[in-house]
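Colleague: I am new to this structure. Please pick a single part, look at it closely, and then show me what lies around it.

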Amino acid sequence: MALGLIIHDIDHFIIKGFKRFPKPPDRPYKLSQALGQLSQRLKKIEIHEIYVTDELFSLPNSSLKVLSPAPWARLEEFSLHYPILSNKVVWRVGSSHSMRHLYLVAARAAREMPRLRIMSIRSHMNQWRARHWHGFRYSYDIEADRARATWASSFGFVPDADVVTAWQKVALKHPFSKKLEVEISDQRRYFDGTSDDESPPHYR
């Protein structure tokens with residue numbers, strides 16, 4: 001895959017798929033793996049309308065991990081907007097089990113991102129006379145040394161204790177942060193039709 005040929009550090013990388021009726025790739029895990037590896041050399045990555053799988057957040061296999069720098073040592077901003085989902089893809093909008101799995105694997109990776117300031121994950125699914133969506137945003141305010149996680153959805157998703165604990169561990173990776181502020185909402189304020197730079201007050 002051509003992405004594997006990029007071996008130097010890059011500050012900002014954007015990849016976009018088709019906005020209307022994107023076709024899932026035959027092997028989405030291959031693209032996800034390549035994007036995951038590339039993200040480990042970036043400061044900011046934006047993935048729009050691309051089918052992805054867990055390999056996007058895969059940790060490198062290394063017996064010397066303790067002696068190695070964090071895999072995502074440079075990454076500061078991570079934005080993922082994935083499209084209408086099919087049964088071929090692990091994460092499905094409206095499935096609490098699927099959403100829980102997504103947030104756990106994302107938190108596991110985020111613990112290896114010491115410079116992380118923003119992680120945004122959102123998706124939507126259109127059906128006849130219905131529209132389902134979800135959004136997640138993790139923000140770390142450097143000046144206040146305060147971390148916040150917001151979950152919002154059209155179907156009342158509420159993260160369980162394991163998911164919240166996983167993101168609390170992410171917050172504790174920051175030098176002085178002691179706790180994670182959690183917000184659950186049914187509002188699309190920061191997840192629909194806005195730039196990732198349009199952050200809530202004090203969480204940019």
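Modeller: Contact here means that heavy atoms lie within 4.5 Å of each other. Take serine 185 as the part to look at. Setting aside neighbours within four places in sequence, serine 185 is in contact with Trp151, Ala152 and Ser153. Serine 185 sits in strand 7, which covers residues 180-185. Is serine 185 buried or exposed? Its relative accessibility is 15%. Buried means under 20%, so serine 185 counts as buried.

Before going further, a word on trust. This model is predicted. The average pLDDT for the protein is 77, and 69% of the residues score at least 70. Among the elements, helix 3 (residues 161-171) has the highest mean pLDDT, 96. Strand 4 (residues 118-127) has the lowest, 81. Two stretches call for care. Over residues 193-204, pLDDT stays under 50, and the model has 28 contacts there beyond four places in sequence. Over residues 63-67, pLDDT also stays under 50, with two such contacts in the model.

Now the plan of the chain. The protein has three helices and seven strands. Along the sequence they run β-α-β-β-α-β-β-β-α-β. Of the 204 residues, 47% are buried. Contacts also reach along the chain: of those with a separation of 6 or more, 68% join residues 24 or more positions apart.

Next, the strands from the start of the chain. Strand 1 covers residues 10-16 and pairs with strand 2 in the parallel sense, over six bridges. One pair to find is histidine 12, whose bridge partner in strand 2 is lysine 44. Strand 2 spans residues 42-48 and is mostly covered, with six of its seven residues buried. Strand 2 also pairs with strand 3 (residues 77-82), again in the parallel sense, over five bridges. Here histidine 48 stands opposite histidine 81 of strand 3.

Histidine 81 leads on to strand 4. Histidine 124 has its place in that strand. The C-alpha atoms of histidine 124 and histidine 81 are separated by 8.7 Å, though the two are 43 residues apart along the chain. Histidine 124 has a relative accessibility of 11%, so it counts as buried.

Go back to the loop between strand 2 and strand 3. Glutamate 49 lies in this loop. Its phi is positive, about 55°, although glutamate 49 is not a glycine. Glutamate 49 is buried because its relative accessible area is 8%, and the cut-off is 20%. Alanine 73 belongs to that loop as well. At 28% relative accessibility, alanine 73 counts as partly exposed. Which residues does alanine 73 touch? Leaving out those up to four places away in sequence, they are Glu112, Pro114 and Arg115. The C-alpha atoms of alanine 73 and arginine 41 are separated by 8.0 Å, with their positions 32 residues apart along the chain.

Pro114 also brings in the cavities. There are three cavities of 30 Å³ or more. The largest has a volume of about 40 Å³. Its lining is made of Ala110, Arg111, Met113, Pro114, Leu116, Tyr138, Val170, Lys173 and His174. By class, that gives six nonpolar, one polar and two charged residues.

Last, the region ahead of strand 7. Strand 5 covers residues 130-141 and holds tryptophan 133. Tryptophan 133 has a relative accessible area of 6%, so it is buried. The C-alpha atoms of tryptophan 133 and phenylalanine 155 are separated by 7.7 Å, and the two are 22 residues apart along the chain. Between strand 5 and strand 6 (146-153) runs a loop that holds aspartate 145. Aspartate 145 has a positive phi of about 50° although it is not a glycine. Its relative accessibility is 18%, so aspartate 145 counts as buried.

That brings us back to the start. Strand 6 spans 146-153, and the contacts of serine 185 are Trp151, Ala152 and Ser153, once neighbours within four places in sequence are left aside.

Conventions
Residues numbered from 1 in each chain as written. Predicted model: local features only at pLDDT ≥ 70, side-chain atom pairs only at ≥ 80, totals over all residues. Heavy atoms only, no water. 1 Å grid on protein atoms, 1.4 Å probe; cavity = no way out; pocket = protein on both sides within 12 Å on 5 of 7 lines; lining within 4 Å. Points joined across faces, edges and corners; volume = space filled by probe spheres on them. Nonpolar A, V, L, I, M, F, W, Y, C, P; charged D, E, K, R; others polar. Buried < 20%, exposed > 50% of the residue type's maximum accessible area, 1.4 Å probe, protein only. Helix = DSSP H or I, 4+ residues; strand = E, 2+ residues; numbered from the N terminus. Pairing = 2+ DSSP bridges. pLDDT = per-residue confidence, 0-100.
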